Amino acid sequence: MPELRKDPILGRWIIISKERGKRPTDFIIEKDESKGGFCPLCSGNEKTTPSEVLSYAPPQHVSNTPGWNLRVVPNKYPALVIEGDLDKEGEGLYDKMNGIGAHEVIVETPNHDETFTYLPKERMKLVFTAFRDRLIDLAHDARFKYVMIFKNHGKAAGASLEHSHSQLVALPILPRMITSELEGCLAYYKYKERCIFCDIIHQERNQRSRVVCENDHYVAFVPFAPRSPFEMWVLPKHHSSSYVSLDYYLFDELTELFAECMRRLDKCIPGVPYNFVLHTAPLRSHPLEHFHWHFEIMPKLTSIAGFEWGSGFYINPIPPEEAAEFLREVQL
Amino acid sequence: MKNILLVDDEDSIHLLYREEFEEEGYKVHSAFSAEEALDKLETLAVDLVILDINMPGMNGLDALRKIKEINPALPVILSSAYQEFKQDLSSWASDEYVVKSANLDELKGAVKRHIS
């Protein structure tokens with residue numbers, strides 16, 4: 001019989017359709033055809049992108065020329081624009097404001113054929129460092145309240161370029177998803193005076209059935225009520241609400257664990273398209289006792305259709321305990 | 001006289017753009033599909049391409065990639081009715097992105113910037 005599970009933070013219901021009994025090999029992944037040709041993110045094509053706002057490169061490197069290890073550039077045709085004032089106004093009962101924001105692309109490697117999952121660890125660490133450095137920089141702009149950092153990999157997950165990249169959008173408002181998460185965490189904190197994520201980590205590490213891997217400072221597990229098969233969350237074991245406060249020495253361990261998660265996932269379902277999103281505290285907020293920064297990795301294996309749009313329920317054909325077992329036991 | 005290659009599957013766009021741009025002193029060549037445009041670029045010397053995105057057969061973003069592979073220096077202006085293609089990072093290979101409108105001032109300005 002299918003099982004209904006409730007996400008303890010958002011109150012979102014998930015249907016685990018157990019009887020389908022899927023295995024990783026049951027998912028058919030359409031291979032993205034390599035289109036080849038011109039790529040604006042490749043080393044040597046720096047002039048085709050807007051001027052970089054951050055780059056990690058050897059000393060004496062000249063901006064916007066080859067030789068970089070990672071670069072961050074504004075989106076050439078952004079969803080939101082950085083110049084201007086917010087100018088909030090009402091129109092009857094409706095609210096609107098200017099589309100102020102920042103939309104940037106983090107080019108994770110100069111090499112077209114490298115994928116994030118198999119980036120050398122030193123290069124992957126630069127990606128996590130760039131996330132923090134951009135958050136710190138964008139926090140200086142009082143117009144922005146939140147920076148959404150995410151990655152789309154594979155056409156099915158929304159990536160339009162093969163070249164490995166992630167994106168950030170700085171927003172003048174808090175996104176609904178983050179507001180709901182903050183509210184859910186606060187409600188739990190008011191009731192128990194503890195961070196719900198800290199309690200989840202504690203329970204998952206005791207129970208072990210959904211844990212995928214861990215090291216001294218981080219843990220990765222399949223959540224109790226995952227929206228998609230093989231969804232994973234990566235969290236610091238010690239309480240911390242903002243990714244900005246992440247100490248430099250902890251990036252090595254984060255990279256180590258994140259790479260392990262991605263490689264386990266890719267071994268289970270080779271070439272799987274996925275998204276990952278950083279959930280962190282709003283910009284410039286004081287340390288929050290009730291919130292815990294984390295990454296959510298969502299393989300794109302199921303599609304959202306009428307039932308999901310209408311009900312807000314997600315249907316997941318693999319129980320998280322089984323998904324975690326597959327992920328744990330795969331040979332790297 | 002500067003040569004523009006206009007790639008769009010709609011007749012009315014060709015009529016409108018041809019009239020407006022020829023009035024400004026440009027020579028306008030027409031291609032009604034991405035495939036036809038790529039063929040024409042092999043034999044025709046053009047100074048700039050105005051490229052639609054949503055076309056039957058090869059779409060404009062794939063055509064853009066191929067054009068830039070053949071001639072990276074040739075300016076290409078993407079002209080689409082759809083703002084959302086701006087979200088597609090493949091559009092970055094273009095030199096400008098103009099949302100289609102009956103008012104051609106923005107497109108004319110973009111053309112001037114690249115080939116005046």
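## Exercises on a predicted two-chain model

Helix H1(A) has Met124(A), Lys125(A), Leu126(A), Val127(A), Ala130(A), Phe131(A), Arg134(A), Leu135(A) and Leu138(A) as its buried residues; like everything below, this is read from a predicted model.

**Exercise 1.** Determine what H1(A) spans from its first C-alpha to its last, and set this against the expected value.

*Solution.* Begin with the bounds: H1(A) covers residues 121-138, which gives 18 residues. At 1.5 Å a residue the expected span is 26 Å, and the helix reaches 26 Å, close to that expectation.

**Exercise 2.** In the open sheet of chain A with the order S1-S2-S15, work out which strands stand at the edges and why one side of each is left without a neighbour.

*Solution.* The sheet has three strands with mixed pairing. Strand S1 (3-6) and strand S15 (314-316) of chain A each have a single partner strand, so one side of each lacks a neighbour in the sheet, and these two are the edge strands. Neighbouring strands are turned by 30° against each other on average, direction ignored. Turning to one pair, S1(A) and S2(A), residues 13-16, run antiparallel and are joined by four bridges, with Lys6(A) opposite Trp13(A) in S2(A).

**Exercise 3.** Establish how the buried residues of H2(B) are arranged around its axis, and what covers them.

*Solution.* First list the buried residues of this helix (34-43), namely Ala34(B), Ala37(B) and Leu41(B). Viewed down the axis of H2(B), they fall within an arc of 55°, and therefore line one face of the helix. On the other side, Asp39(B), Glu42(B) and Thr43(B) are exposed. Finally, the cover over the buried residues of H2(B) includes strand S1 (3-7), strand S2 (27-31) and helix H3 (60-70) of chain B.

Definitions and conventions. Residues are numbered from 1 along each chain as its sequence is written. Chains are lettered from A and ligands numbered from 1 in the order in which they are written. This is a predicted model: local features need pLDDT of at least 70, side-chain atom pairs count only at pLDDT 80 or more; totals for chains, interfaces and linings use all residues. Two strands pair if DSSP finds at least two bridges between them. Axes are lines fitted to C-alpha atoms, for helices over the stretch in contact, and angles run from 0 to 180 degrees between N-to-C directions. The expected span of a helix is 1.5 Å times one less than its number of residues. A residue is buried if 20 or more other C-beta atoms lie within 10 Å of its own, exposed if 12 or fewer, and partly exposed in between; C-beta atoms are placed from the backbone. The arc is that of the directions from the helix axis to the C-beta atoms. Two residues are in contact if their C-beta atoms, placed from the backbone, lie within 7 Å.
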